[in-house]
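I open this notebook to record what I look up in the structure, entry by entry. The sequence and the model come first.

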Amino acid sequence: MAYIQSMPKSETIKLREKYVGAACQLFFRSSPLKIVRGVAQFMYDEMGERYLDCINNVAHVGHCHPHVVEAGRNQMSLISTNNRYLHDELVILAERLVQTMPEQLSVCFFVNSGSEANDLALRLARIHTKNMDVITLDHAYHGHLTSMIDVSPYKLNLPGGPDKPEWVHVAPVPDVYRGKYISPRDSDSEEELGKMYADEVGKICDEVKQKGEGVCAFIAESLQSCGGQIIPPKGYLERVYEHVRAAKGVCIADEVQVGFGRVGTHMWAFETQGVVPDIVTMGKPMGNGHPVAAVVTTPEIARSFTETGVEYFNTYGGNPVSCAIANAVLDVIEEERLMERAARVGSHLLKRCETLKKHAIVGDVRGLGLFVGVELVKDRSKRTPATNEAKFVVERMREEKILISRDGPDNNVLKFKPPMVFGVQDADRVVDTLDRVLAELDTQTVVMKHVTPISDGVESSDMKLKKKLNKQIKAM
């Protein structure tokens with residue numbers, strides 16, 4: 001569609017504003033990017049400007065990886081139909097996914113998105129347990145379907161968000177930096193924090209049982225992404241799972257954003273906590289940009305679903321093209337040793353980000369593999385979120401042709417979850433640039449503390465700088 005790419009950017013904006021819902025998110029809305037091409041860890045706009053992509057965890061093995069593109073093209077030229085017919089790509093994909101899982105997790109269902117996967121997981125849990133109550137974590141996001149908004153405080157907490165259903169119970173997110181329980185991160189205190197946060201889930205389980213009912217499910221990302229790149233303390237999920245199972249519930253691990261080797265040490269992030277979920281959901285990176293997702297569960301839970309007599313059919317879930325693409329993604333992860341790369345490059349990125357603590361605004365640095373968060377605060381002792389400053393940083397990095405994002409309940413956490421082909425040189429470029437940008441905020445802080453007017457009607461050069469920097473932040 002060459003004519004679309006040659007359309008002036010102003011016309012693209014005009015048509016989007018006219019025909020696309022305003023509620024649909026657009027990065028840098030006041031001056032949006034028009035991206036027309038992607039290669040590996042880079043994206044290009046209509047003018048040929050190249051941007052380093054630090055946030056696209058969907059293009060898991062790199063934008064437009066040749067092997068993935070070819071797999072989709074080849075299968076599309078042969079047949080694309082539903083999974084009510086036999087096809088090798090479907091069963092090969094199921095077998096490969098199961099081989100990456102703990103032995104108990106051996107039955108697959110294929111869908112089109114992470115939202116659909118989580119919706120099906122909740123349906124499986126309800127049928128198997130015959131219970132209704134669901135426990136989720138504060139600030140969690142599990143998808144855009146109505147059923148998933150119900151268990152996503154990330155959306156429920158918004159001013160215009162829907163009311164939380166009575167059957168949804170929200171436990172504190174295990175954030176050891178700005179959460180309900182905080183402490184220095186030494187090994188002993190971290191385990192104690194894990195117990196304290198897990199026991200919050202235990203309290204909810206006890207309350208449900210006191211009503212003579214049981215828990216349906218506990219659903220959580222193995223590492224919380226939208227909630228601010230949260231790494232649970234040691235022992236957290238293990239103790240949570242004990243509480244939930246004692247209340248007759250099942251445990252759902254949402255791996256939609258953090259799975260497929262991103263943590264570096266394991267294929268799935270739940271493995272870093274030493275637990276085995278009852279249901280695992282996956283999506284985003286599975287198709288490297290193509291819509292494909294899956295649910296993997298135990299034979300017992302799958303059997304409960306079968307015994308309802310209600311067949312499960314998904315028009316596009318498990319179609320040959322999607323499965324061929326997902327198989328190609330697994331090929332690249334294995335052949336290019338991307339999990340090992342995530343461990344190596346992620347460790348380097350995390351260490352380099354730690355050096356940014358020389359800037360007073362950097363409160364915490366955390367991460368596993370290529371899943372890293374840098375939390376900005378106005379005051380380290382009070383840990384007050386630096387929301388406007390984080391917005392300034394994201395905009396300034398864009399000016400430097402580096403794309404990062406911010407998230408968390410206060411939008412003050414800089415997020416890094418780049419394509420897995422991200423390299424050491426990329427990490428160095430990001431941190432070196434971020435260091436310079438944060439220095440600009442340091443300058444502003446110094447100016448604000450020390451500036452004084454020279455005389456009536458006359459501004460000092462420092463006062464002018466203070467106003468300029470304030471204007472920049474407010475305009476972003």
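Which residues are buried in helix H9 (residues 236-246)? I keep in mind that this is a predicted model, and I list Tyr236, Leu237, Val240, Tyr241 and Val244 as the buried residues of H9. I then looked down the axis of H9 and noted that its buried residues fall within an arc of 120 degrees, so they line one face of the helix. Just after H9, I found lysine 248 with a positive phi of about 70 degrees.

**Entry on the sheet.** I traced an open sheet of seven strands, which follows the order E4-E10-E9-E8-E7-E5-E6 and has mixed pairing. Strand E4 (107-111) and strand E6 (168-171) stand at its edges with a single partner strand each, so one side of each has no neighbour in the sheet. On average, and with direction ignored, neighbouring strands of this sheet are turned by 20 degrees against each other. Within it I looked up strand E9 (residues 279-282) and strand E10 (residues 293-297), which pair in the antiparallel sense over four bridges; isoleucine 279 has threonine 297, in E10, as its bridge partner.

**Entry on salt bridges.** I noted 23 salt bridges in the structure, and I looked at some of them in turn.

In helix H3 (residues 66-76), arginine 73 and glutamate 70 are three residues apart, which means that about one helical turn separates them. Their side chains meet in a salt bridge at 2.6 Å, N to O, and glutamate 70 counts as partly exposed because its relative accessibility is 35%.

Another salt bridge brings together the side chains of glutamate 334 and arginine 96, at 3.4 Å, N to O. This pair links distant parts of the chain, with glutamate 334 in helix H11 (residues 320-335), arginine 96 in helix H4 (residues 88-99), and the two positions 238 residues apart. I also compared their surroundings: glutamate 334 is exposed, at a relative accessible area of 53%, whereas arginine 96 is buried, at 16%.

Lysine 415 and aspartate 407 form a salt bridge too, with their closest N and O atoms 3.0 Å apart, and both residues are buried. I also followed one network, in which salt bridges that share partners join Arg178, Asp364, Arg366, Glu375 and Asp410.

**Entry on the surface.** I last looked up a nonpolar surface patch of about 290 Å², which is made by Leu15, Tyr19 and Val20. Valine 20 lies in the loop between helix H2 (9-19) and strand E1 (35-39), and I recorded valine 20 as partly exposed because its relative accessibility is 37%.

Conventions: Residues are numbered from 1 along each chain as its sequence is written. This is a predicted model: local features need pLDDT of at least 70, side-chain atom pairs count only at pLDDT 80 or more; totals for chains, interfaces and linings use all residues. Side-chain values use heavy atoms; hydrogens and water are left out. Patches are made of residues with over 30% relative accessible area and no salt bridge: like charges are joined within 9 Å, nonpolar side chains (Val, Leu, Ile, Met, Phe, Trp, Tyr) within 5 Å. Accessible areas come from the Shrake-Rupley method with a 1.4 Å probe; for residues, only the protein chains shown count as cover. A salt bridge is a side-chain nitrogen of Lys or Arg within 4 Å of a carboxyl oxygen of Asp or Glu. Buried means under 20% relative accessible area, exposed over 50%, partly exposed in between (1.4 Å probe, protein chains only). The arc is that of the directions from the helix axis to the C-beta atoms. Two strands pair if DSSP finds at least two bridges between them. Axes are lines fitted to C-alpha atoms, for helices over the stretch in contact, and angles run from 0 to 180 degrees between N-to-C directions.
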